[in-house]
Structures are given as structure tokens and as C-alpha cells.
Amino acid sequence: MRFSTFFSKQARKPTGLFGRLVMSIVFNKGNANLNRFVNELLSVQENDHILEIGFGTGKLIYDMANQIDNGLIEGIDFSSTMVSMAQNRNKNHIALGKVKILKGNFDEIPFKKDSFNKACSVNTLYFWPEPENTAQKIADILKPGGKFLLAFEDIAQLEKKSLSNEVFRLYSKGEVKNLLIRSGFSGGVSIESRMIGTSVLHCVVAKK
Ligand SMILES: C[S@@+](CC[C@H](N)C(=O)[O-])C[C@H]1O[C@@H](n2cnc3c(N)ncnc32)[C@H](O)[C@@H]1O
């Protein structure tokens, strides 16, 4: 297997020692600015009930949990390696009942309709096999008026990286905006973009 395919597969679902030792650093360092951007745009309130889909090492969950009081932050990820790292990072918040970590494929695990007031997902869209179904499911489990933040890197900079196109599906920001408009976010969809150093980052903010 070519290294670019192996690396791309690890980015989609980290496994084993490589996932624990290498991908955790790639996510913690490489995705830090995008996660900070999402945290700002979420403007977490003390009683928010938030779902993060594909939390990786659980840093954004940790930062969100620091901002709530009576609320709850839930996260779902299908990598056992990432689930154990996120559980470890968030063990105090879990013990206090502020964080719940779930292991599973978001597309397959049932969630109650209208249960979260916010949801977010950072650098996972590229791996969604059926993007409209996933986006519709997110709209479905948000409360009316709820907000979904979907963050990703600019297509031009991702095209320069050696990523396998069998694993990564890349989107322009316009395509992501249209995807969410088509998927039940009738309260309005907007794009926030930020340039940090040479990186261009996008976050689509969609209201149900
Ligand atoms: C590129 S990493 C991004 C991790 C983190 N959000 C960040 O910004 O550092 C993608 C993560 O999403 C998870 N993931 C991808 N597809 C998923 C799915 N359908 N259900 C649950 N987790 C998924 C992977 O296991 C991985 O931890």
C-alpha cells in the first residue's frame, strides 16, 4: 500500500500504535487552529447540549466542557484508539457528568430526534460516504433553531497535500453550503472563513 493511502486511511479512522502515536499529534497540532475557530463560533453557553461527530483526541470536547455548567457535551467517534484517548483526556469531565463519549459510526447509531441544541464536526466531511444522509440526520437530531458547525480546510490547500482520492472526497465551500441547504437546515446557512498563516479554514454555520 502506498504511504499516501495508508496515511489517508489513518486520517479517516486511526488505528493501533500509528494512530495513537502519530495521528494524535497530527490531529492535535495540525487541526488546532480549525478547532479553536469552531470553539469561538459555537459560543458555548453554560447549559448547552452539544454533539461532536468525529472528535479525534477529544480536545474540542475538553474545551467545550470547560465552558458549561449544567449542560452536556456528547461525542461520537468510530476509532477505538481515539475513543480511549478522548476518554482519558476528559476523565474528570466524564466523572462530573459533563461529558459522554460514545464509540460508533454516527451514520449507524440511533439518536433521539430534536435532542441537541448545537452540533459540530471538524475535518470529517471528506470521509462521509453519503453526505446528504449524514447532514439530514444531524438536522433531525437538532432542536428547532439548533445550530450545526461543519469545519474543513480549503480545497486548494488540500489538493496540494498527497491525500488518496479513494479515501478523501474534497469539497469547495460553495458545495458544502449547498449540501446543508439541501439537507433540512431551513433556518439559514452561512460560511465563515479565516486565514491563519498560509492556511485557509472554513466553517459552515447551519441553522435548523
Ligand atoms: C481527521 S480526524 C479529525 C479529528 C478531530 N475532529 C480533529 O479536528 O482533530 C477524523 C475523525 O473522525 C472519526 N470519524 C470519521 N468518520 C466517522 C463516522 N462516520 N462516525 C464516527 N466517527 C467518524 C475518525 O475516527 C477520526 O477520529
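Here are some notes on this predicted model, going from the overall fold to single residues.

1. Overall build. The protein has nine helices and seven strands. Its radius of gyration is 16 Å, close to the 17 Å that the globule rule gives for 208 residues, so the protein is as compact as a globular protein of that length. Along the principal axes, the C-alpha atoms fill a box of roughly 45 × 35 × 35 Å.

2. Burial and contacts. Of the 208 residues, 39% count as buried. If you take the contacts between residues at least 6 apart in sequence, 70% of them join residues at least 24 apart.

3. The ligand shell. There are 22 residues around the ligand, and those that come nearest are Phe-27, Asn-31, Gly-54, Gly-56 and Ser-79. Helix H1 (3–12) supplies at least two residues of the shell, and so does strand S2 (72–77). By class, the shell is a mix: 10 nonpolar, eight polar and four charged residues.

4. The main core. In soluble globular proteins, nonpolar side chains tend to be buried together. Here the largest nonpolar core has 45 residues, and the members that touch the most others are Val-38, Ala-119, Leu-149, Leu-150, Ala-151 and Leu-180. Strand S5 gives the most to this core, with six residues.

5. Ala-151, one of those core members. Setting aside neighbours within four places in sequence, Ala-151 is in contact with Leu-34, Phe-37 and Val-38, with Val-122 and Asn-123, and with Leu-201, His-202 and Cys-203.

6. Val-122, a contact of Ala-151. Val-122 sits in strand S4 and counts as buried, because 26 other C-beta atoms lie within 10 Å, where 20 would be enough. Besides Ala-151, Val-122 touches Asn-31, Leu-34, Asn-35, Val-38 and Leu-60, again not counting residues up to four places away in sequence. Asn-31 is worth picking out in that list, as it is also among the residues that come nearest to the ligand. The C-alpha atoms of Val-122 and Phe-152 are separated by 6.1 Å, although these two residues are 30 apart along the chain.

7. Helix H9. This helix covers residues 173–182, and its buried residues are Val-176, Lys-177, Leu-179 and Leu-180. Seen down the axis of H9, they fall within an arc of 160 degrees, so they line one face of the helix. The general background is that an α-helix has 3.6 residues a turn, so residues three or four places apart point the same way. On the other side of H9, Gly-174 and Glu-175 are exposed. What covers the buried residues includes helix H7 (131–141) and the strands S5 (142–153), S6 (188–196) and S7 (199–207). After H9 comes Gly-184, with a positive phi near 100 degrees.

8. Two positive phi values outside glycine. Ser-43 has phi near 35 degrees and lies in the loop between helix H3 (32–42) and strand S1 (49–53). Ser-43 counts as exposed because it has 10 C-beta neighbours inside 10 Å, and the limit for that class is 12 or fewer. Asp-114 has phi near 55 degrees, and its place is in the loop between strand S3 (99–103) and strand S4 (116–122). With 13 C-beta neighbours inside 10 Å, Asp-114 counts as partly exposed.

How values were computed:
Residues are numbered from 1 along each chain as its sequence is written. This is a predicted model: local features need pLDDT of at least 70, side-chain atom pairs count only at pLDDT 80 or more; totals for chains, interfaces and linings use all residues. Helices (H or I, at least four residues) and strands (E, at least two) are DSSP runs, numbered from the N terminus. The radius of gyration is taken over C-alpha atoms; the globule rule is 2.2 Å times the number of residues to the power 0.38. Two residues are in contact if their C-beta atoms, placed from the backbone, lie within 7 Å. A residue is near a molecule or strand if its C-beta atom, placed from the backbone, lies within 6 Å of it. Ala, Val, Leu, Ile, Met, Phe, Trp, Tyr, Cys and Pro count as nonpolar, Asp, Glu, Lys and Arg as charged, and the others, Gly among them, as polar. The arc is that of the directions from the helix axis to the C-beta atoms. A nonpolar core is a set of buried Ala, Val, Leu, Ile, Met, Phe, Trp, Tyr and Cys residues joined through C-beta atoms within 7 Å.
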